[in-house]
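Visitor: I am new to this structure and would like to be led through it step by step. Could you show it to me before I begin asking?

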Amino acid sequence: MTTSVKNASRRKFLQSSGALSGALVIAFYLPMGGRAYAQAPKMVYPPNAFLRIGKDNTVTVIVKHLEFGQGVQTSLPMLICEELECDWTKVKAELAPADPVYGNIFWGGMQGTGGSSSVANSFDQLRLVGAQARTMLIQAAATQWKLKPEELKADKGFVTGPGGKKASFGSLADAAMKLPIPQDVKLKDPKDWKLIGKPTRRLDAPDKVDGKAVFGIDVKRPNLHTAVVMHPPVFGAQVKSFNVDKVKAVSGVTHVIEIASGVAVVGKGYWAAKSGRDVLEVEWDIPRTASTLSTERLRADYRDLAGKPGGAVAKKADNPEAIKGAVRTISAEYEFPFLAHAAMEPLNCTVELRADGAEIWAGTQMPGVDQAAAAKVFGFKPEQVKVNTLTAGGGFGRRANPNSDWIIDACEIAKGAQVPVKLVWSREDDIRGGYYRPMYVHRADIGLDAQGNIVGWNHVVVGQSILTGTPFEAFAVKDGVDGTSVEGVPDTKYDIPNLAVTLRSVGLPVPPLWWRSVGHTHTGFVMETLIDEIAAASKQDPVAFRRKLLAKDPRFVKVLDLAAEKAGWGSPLPAGRARGVAIVESFGTICAQVAEVSLENGAPKVHRVTAAIDCGPVVNPMTVEAQVQSAIAYGLGAVLYSELTLKDGGVQQSNFHDYRVLRLSDMPQVSVFTVPGGTKVSGVGEPGTPPIGPAVANALAALTGKRARVLPLANMKWA
C-alpha cells in the first residue's frame with residue numbers, strides 16, 4: 001500500500017490551525033499515485049490535509065473538488081469515513097482552497113474539477129486517508145492502554161478494547177497526530193463496506209435549503225464594491241475610446257476602468273454599477289473579418305469543408321476502397337450549433353488586493369490555474385494569492401477555463417480601482433461574451449452490403465478545436481487531431497469495418513470551451529442516430545442490431561439490455577407514442593437510454609426516459625441517480641431548444657427567453673438503474689448527457705419516419 005511521509009512544517013502549521021479553531025488536525029502526505037505519479041516521478045509533493053477531528057468527535061473532511069451540484073461534499077467524505085469508522089452523523093465537509101496538495105490525480109496533480117473525475121480520482125486516495133487515520137487512532141489508544149493494536153477496533157467514532165475500554169476519536173486525536181503515519185495499511189474488503197454503496201442524504205442539502213450555504217455571489221467583505229464589464233459586441237473588437245464623465249455622474253459609481261477585455265464600471269452595489277454601464281458609450285475597433293462572422297456563413301463554409309478531401313486523420317480505414325463496393329450507401333450531414341453553459345448562478349469573483357498579496361473568493365473548477373493567472377496580473381508569486389473555493393450554482397465546464405477569463409477581469413479591476421471588488425457577469429454578459437461549445441458539422445458516408453451489413457464508413461468532423469492553444473494541447477492534440485473533437489467516433493465500440501475518421505479544425509475568433517460531456521455531445525448523436533438508421537434500412541430491431549455490433553464488449557451489452565428490459569422495449573405503447581434507444585460511453589462510463597416520445601401540437605414531447613449506467617462501484621446511489629437525471633435534463637434542453645446564432649460578428653441571444661433551456665413542464669419521468677458488479681470506478685456527472693439526444697431523435701424517427709440532421713430538434717417540422 002502507498003506509504004506516507006511526514007512534513008514537519010506543514011504538520012506544525014496544521015497543529016497551530018487546529019489549536020486556534022479548537023480542533024485537532026491529522027495531516028497526511030499521499031504521493032500522487034497511479035497515472036500522475038507515473039507522469040511526474042521526480043515531483044516532490046507537499047503533505048495533504050484532508051481530515052480534522054475535533055475534541056467533540058466531529059470529523060471535518062476537506063473536499064478537494066468544487067461542489068457545484070454533483071454531491072462531492074457527501075460522496076468524498078463517504079470514502080474517508082468508510083475506512084475511518086467514524087460516526088457519520090458527526091461528519092462535516094469543507095471545500096479546499098487552492099493548493100497543489102489537493103491535486104486531481106487524473107490531471108497530473110493539477111487541482112481541478114471536471115471530466116467526471118471527482119470520485120474516480122479520489123476513490124483509492126481518500127479511502128487510504130481514512131484507513132491511515134483509523135490506524136493511528138487505534139495505535140494511540142493501544143499505547144495509552146498498554147495493549148496491542150490487534151486487540152482494539154474502531155467503530156462509530158470510538159476505539160474500543162477488552163474489558164469495556166472505550167475512547168472517542170476526539171480524545172485520541174491529539175496523541176494520534178504525533179505518531180508516525182503508517183507505511184502500510186489494509187483497506188476494507190468491499191463486502192464489509194458500511195457507507196459505500198448505501199443511499200446517503202447529502203451533507204450540503206440542509207444549508208442549501210435554508211439559505212445558509214454561501215455561494216460566490218453571496219460573498220460580503222468590508223468596503224466591497226461591485227463591478228460589471230462592457231465586453232465587445234463583436235468577437236475580437238478592442239476599445240478605442242469611451243465616455244467617463246457621464247458614467248461617473250451616475251449615483252454610486254466610483255470607478256470607470258479600461259481592462260484588457262473591455263470597460264469596467266465599479267460602484268457601491270450591483271445596481272449602481274449596472275446603471276453606470278447603461279450610460280457607458282464605447283467606441284470599438286472592430287476587425288473587418290470578425291464583423292462578417294455569421295452562423296449562415298459558417299454553416300456554408302463548414303459543409304463545404306466536410307465535402308472536400310484533406311484534414312487531419314484520426315483513423316484510417318483498413319480498406320479505403322471498401323465503400324465503393326457497397327450495395328447501398330447512406331450519406332448524411334449533421335449540424336450542431338454553438339451552445340452556452342448557462343449556469344444558474346452567474347459568474348462572479350471577489351478580490352481583495354493588499355500590498356503583499358491578494359485573496360480571491362470564487363466558485364472555480366480550476367483554482368490552481370486561476371491562482372496563477374491572478375498572480376500574474378498582480379505581479380505576485382502564486383503563493384501570495386489565496387483562493388477560497390466556494391460552492392457554485394452550476395458550471396458545466398464554464399468555470400474550468402484555462403484562460404481564467406472572468407478571474408483575470410476581476411483582478412484587473414481590483415488592481416485598477418484599489419478597492420475590494422466583486423465582479424458579476426450577468427447572464428446576458430456570459431451568453432453574449434463568454435465561451436461556448438463550438439459549432440460542428442459532421443459528414444458520414446456508409447456503405448452496406450445486400451444483407452445490411454456495414455462494409456465501410458467514412459466520417460468527417462468540422463469544427464473548432466477546444467484544446468489548441470491551452471496547456472492541455474501538448475498531450476490532447478496529436479498530429480492535428482484534437483481528441484475531444486472526435487471522441488467516440490474513431491474509438492467506437494461498434495464493430496465497424498473500414499472506418500475512416502477525418503477532422504478539420506477551424507480557426508475562429510469565437511472562444512471555444514468544453515461543455516458538459518465535451519465532444520460526446522455531438523459525436524454520440526451522430527453515431528447513435530446513424531446506427532439506428534442502418535438498423536431501419538436493414539429492417540432490424542435497433543436494440544438487437546446494436547447488441548450484434550457490440551457482441552465483443554459484454555459490458556456494453558449488459559448496459560443496453562438493462563435499459564431495454566427496464567423500459568419494456570418491444571411492449572405495446574399508447575397510440576401516437578414511440579421509443580428510441582441510444583448507448584454512449586464517455587469518461588469511462590457506459591450509459592444507455594430509452595426515450596418514449598410523442599408529438600404535442602406538432603412539437604416533440606418526451607414522456608419517459610429509462611437509463612442504465614455502468615460506472616463501476618457506486619459510492620452514493622442517490623448521487624448517481626441525481627446526476628443522471630440532471631444530465632438528461634441538461635442534454636434534453638439542448639437537443640430540443642438551445643442554440644446560439646451569430647450575426648455581424650456577435651451573438652444574437654441574451655438570456656433564457658431566447659436561449660431556451662429545459663423547463664419544469666418539459667421534464668420527463670426518469671428512471672435510473674445501475675449495472676452491478678463493476679470493479680473500476682468511473683464518473684457520473686457527464687455520461688448521462690450524450691445518449692438523450694439520439695434516444696429522442698431515434699424515437700421521433702420511429703414515430704414520424706423523419707431523421708433529424710440539424711439541432712435543436714424544435715426547429716424541425718415533425719407533423
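Guide: The questions that follow concern a sheet and some cavities in this predicted model.

Visitor: Which strands are the edge strands of the seven-stranded open sheet?

Guide: The seven strands follow the order S10-S11-S8-S18-S15-S16-S17, with mixed pairing, and the twist from one strand to the next averages 20 degrees. An edge strand of this sheet pairs on one side only, and that description fits strand S10 (253-259) and strand S17 (385-389).

Visitor: Which residue in S17 stands opposite Ala358?

Guide: Strand S16, residues 358-362, runs parallel to S17 and is joined to it by five bridges. Within this pair of strands, the residue that stands opposite Ala358 is Val385.

Visitor: At about what angle to S15 does helix H12 run?

Guide: Two helices can be described against the strands, and one of them, helix H8 (residues 270-278), lies across S8, S10, S11 and S18, running at about 25 degrees to S8. Helix H12 (residues 405-417) lies across S8, S10, S11, S15, S16 and S18, and its angle to S15 is about 35 degrees.

Visitor: How many charged residues are in the lining of the second largest cavity?

Guide: The whole structure holds five cavities of 30 Å³ or more, and the largest, with about 140 Å³ of space, has a lining of 11 nonpolar residues, five polar and one charged. The second largest cavity has about 80 Å³ of space, and its lining includes Glu345, Arg398, Arg399, Arg427 and Asp430. By class, that lining has six nonpolar residues and one polar, while the charged residues number five.

Terms used. Residues are numbered from 1 along each chain as its sequence is written. This is a predicted model: local features need pLDDT of at least 70, side-chain atom pairs count only at pLDDT 80 or more; totals for chains, interfaces and linings use all residues. Side-chain values use heavy atoms; hydrogens and water are left out. Two strands pair if DSSP finds at least two bridges between them. Helices (H or I, at least four residues) and strands (E, at least two) are DSSP runs, numbered from the N terminus. Axes are lines fitted to C-alpha atoms, for helices over the stretch in contact, and angles run from 0 to 180 degrees between N-to-C directions. Contact means heavy atoms within 4.5 Å. On a 1 Å grid over the protein atoms alone, a cavity is a set of points where a 1.4 Å probe fits but cannot get out, and a pocket is an open set with protein on both sides within 12 Å along at least five of seven lines; lining residues have an atom within 4 Å of a point. Grid points are joined across faces, edges and corners, and a volume is the space filled by probe spheres set on the points. Ala, Val, Leu, Ile, Met, Phe, Trp, Tyr, Cys and Pro count as nonpolar, Asp, Glu, Lys and Arg as charged, and the others, Gly among them, as polar.
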